[in-house]
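This report describes how strands pair in the structure shown below, and how a helix is placed against some of them.

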Amino acid sequence: MSVKTEKKEAGSAEVLISVQNLSKSFGDNLVLDDISIDIHKGEVISVIGPSGCGKSTFIRSLNLLEEPTGGSIIFDGEDITDRGCDRRLVREKMGMVFQQFNLFDNLTVIKNIMLAPVKLKLMTKSEAEEKAKSLLKSVGLEDKANMYPSQLSGGQKQRVAIARSLAMNPKVMLFDEPTSALDPEMVNEVLNIMNELAAEGMTMVVVTHEMGFAKGVSNRVIFIDEGKIKEDGSPEAVFSNPENTRLKDFLKSVLK
Amino acid sequence: MKKFYNSLLAVMLAAVALMCTLSISVFASEADQQLDKSSSQTETSVPETEIVTSAADLSGKKIGVQLGTTGAILADDIKDANVQKFNKGADAVLALRQKKIDCVIIDEQTAKAFVDANKGVLTILPDSFADEAYAAVISKDKPELLAQVNSAIEEIRDSGVLQKIIASYIPEKESDKGNYHYTQVVTHGEKLVMATNAQFPPYEYYESGDITGIDIEIGRAIADKLGRVLTVEDMEFDSIIGAVKSGKADIGIAGFTVTEDRAKQISFTIDYASSKQVIIARLKASAQESSASVSSDDYETPTFIDRLYTNFVKDDRWRYLTTGLCNTLIITLFAMLIGIVIGFILAIIRVAYDKNGSVPILNIIAKLYITVIRATPAMVQLLIIYYVIFASVDINKILVAIIAFGLNSAAYVAEVVRSGIMSIDNGQFEAGKSLGLKFSATMINIILPQAFKNILPALGNEFISLLKETSISGYIGLMDLTRGGDIIRSVTYEAFLPLIAVALIYLILVILLSAGVSCLERRLKKNER
């Protein structure tokens, strides 16, 4: 974990996702209020904020699991909020890891990983199996290939879930509180995998409560509060010199 | 595994033991009755009857009749009478014997057959109602057919065939009995579908697995004159006029008395026989005993073995049960398949709407379908499908039953499946979505296999209900297991053994079905750990 990606300046690399004036409301409840942000290739962004601030809704809007009520999202040069855009194809290229893992309970570990690439005809069965095995090896679970999710610990499940998303060769990985449902001793095994992924140059957006990860691994931290991005900067800037008073309060409460 | 089979065995043994005890006790009591009745073949004087003694004595009494018959019309006119309408004449007679009612009003010849079978217990009162004429019924839309049939009846009557047929079944002298032998003249050609109710000896009844009787012989003779081939359809008596009106049958011959009300609905042919309504009453216990001396040589108490023989072995009567069982199984199996296929489709339509808002119009149709089917009785649906939807279509009754029960089951399966799908965590849907899988692929590969495991017990329950629900197939004249037992009951005049046999067969079927479901459940459970 000594691996530290060199922090890229915004604009120095290609913009992968450009969020423009995004808003989302559930009925009368405005959850995201006019959010704009550019996400560059290779960036590892930690999204922090108090609970209920809209950070989960923000990340779920990126792959349109939540349909935005305003604004647009440009992904890889295409406006994915446009009606004519095939959301399914968008989601193929955006991996997502959930707080509750959401492994397919009726399939073995290896079949969980192989299902989408094979069904979507991106790989043959044997290619997918090869890929699944090597991914399982990289998350240290090659011996669990033929087990069912219910036979795994929480940390193991989340590592499989990461492998499952990676099997699709995504352009960006979205993590929605990936360690929040884990017992403390399992948090690190998942964070380690995420560190390695970051080191390999994967673009990642991570909603997290792990301030250690936000500080140590990510090269950009955004603080969302009341549906708006209140702070956006390098971990050093956000953590050592917080300008926003809400952020100061938040950091005080999570860092003690 | 072993434990399961042991308990299964125990349940079955217990059931059989229970049935045996029941049967022995009932048998014993019936045997006692039989013993003190074994007498009264008094032909000399008018025997004393209890409760109802004459036609003037009917007001305020409990009168049994067969639904839709002239007897029922007459009984309705009797002041203060409590009229109980039975689907079958034989059931009314059984009720009379069991003292549930006081008398039965029914056609004379049929009454004779019933009383013959219940010698010493029942008798026909000397008073009778006015003479009435029997005629066949034909739809008012078919005047040509009516004219053809009328001239055919005239020909049969003028040539003496008609008299010979009646004499053969209602012999005045012994030599006439069974003297009419039919030889088929026309073997190919258009069908002439004749609706009847084979519970009405000697006009129409089952014998050795076939429907026979005066009306059947007349129907055959008419068909020959018309150059058509007769097909006999057995159904409930009160369904016959409807079947003829709707075109399900060309002609109804079932001892129909010409009445004004019926003539409004349907055309009557010229009459071919005459009869009258008589009253069957129960003999007084004293009358039953008084002639005990007459000897019981020719009226021996039947042993249990005898009764088994009469109900199941004689004339191959067990075939009614095996044929019925076979039909019940075919109907249930295919109805299940239809139910599963349509049920899953309906459920998926509804879930697709609930989760994604897609297919709104299909969703409304599915919802409507489920509501309508679940809100109406299966029997009414079966009758509607047979008599309304397929009114003028010549369609196999088993197919009708399969369609009716399949469509019915689909609505219940749909709700079971939908509840199963809704019980799966939304995260499973989202995970499939986030990988770029289509809704259908997520459904088939992820959601349904998990949902299926959860709903298996409920599905098993639905199919057990379905199996038993098919017992109403008899209403469209289809011989299922229940109807098979009914037919035995109508020829042996015994309720106990045929009903218990039918119940036992259903019990065994359900036990096997449940065992199959739990076996499947265990197999699927293996994946869980």
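The model is predicted. In the hairpin of β4(A) and β5(A), 2 residues lie between the strands, and Asp76(A) takes a positive phi near 55°. The two strands of this hairpin, β4(A) and β5(A) (residues 78-79), run antiparallel and are joined by 2 bridges. Within this pairing, Ile74(A) has Asp79(A) of β5(A) as its bridge partner.

Strand β4 of chain A (residues 70-75) is also joined to strand β1 of chain A (residues 15-26), again in an antiparallel arrangement, by 5 bridges. Here Ser23(A) finds its bridge partner in Gly70(A) of β4(A).

Chain B holds an open sheet of 3 strands, arranged in the order β6-β7-β8 with antiparallel pairing. Strands β6 (199-200) and β8 (210-212) of chain B stand at the edges; each has a single partner strand, so one side of each is left without a neighbour in the sheet. Strand β7 of chain B spans residues 204-207 and pairs with β8(B). Glu207(B) has Asp210(B) of β8(B) as its bridge partner.

The strand pairs with a stated number of bridges are set out here.

| Strand pair | Sense | Bridges |
|---|---|---|
| β1(A) and β4(A) | antiparallel | 5 bridges |
| β4(A) and β5(A) | antiparallel | 2 bridges |
| β7(B) and β8(B) | antiparallel | 3 bridges |

A helix accompanies the strands of chain B. Helix α7 of chain B (residues 214-226) lies across β7 and β8 of chain B, and runs at about 85° to β8(B).

Methods. Residues numbered from 1 in each chain as written. Chains lettered and ligands numbered in written order. Predicted model: local features only at pLDDT ≥ 70, side-chain atom pairs only at ≥ 80, totals over all residues. Heavy atoms only, no water. Pairing = 2+ DSSP bridges. Helix = DSSP H or I, 4+ residues; strand = E, 2+ residues; numbered from the N terminus. Contact = heavy atoms within 4.5 Å. Axes fitted to C-alpha atoms, helices over the stretch in contact; angles between N-to-C directions.
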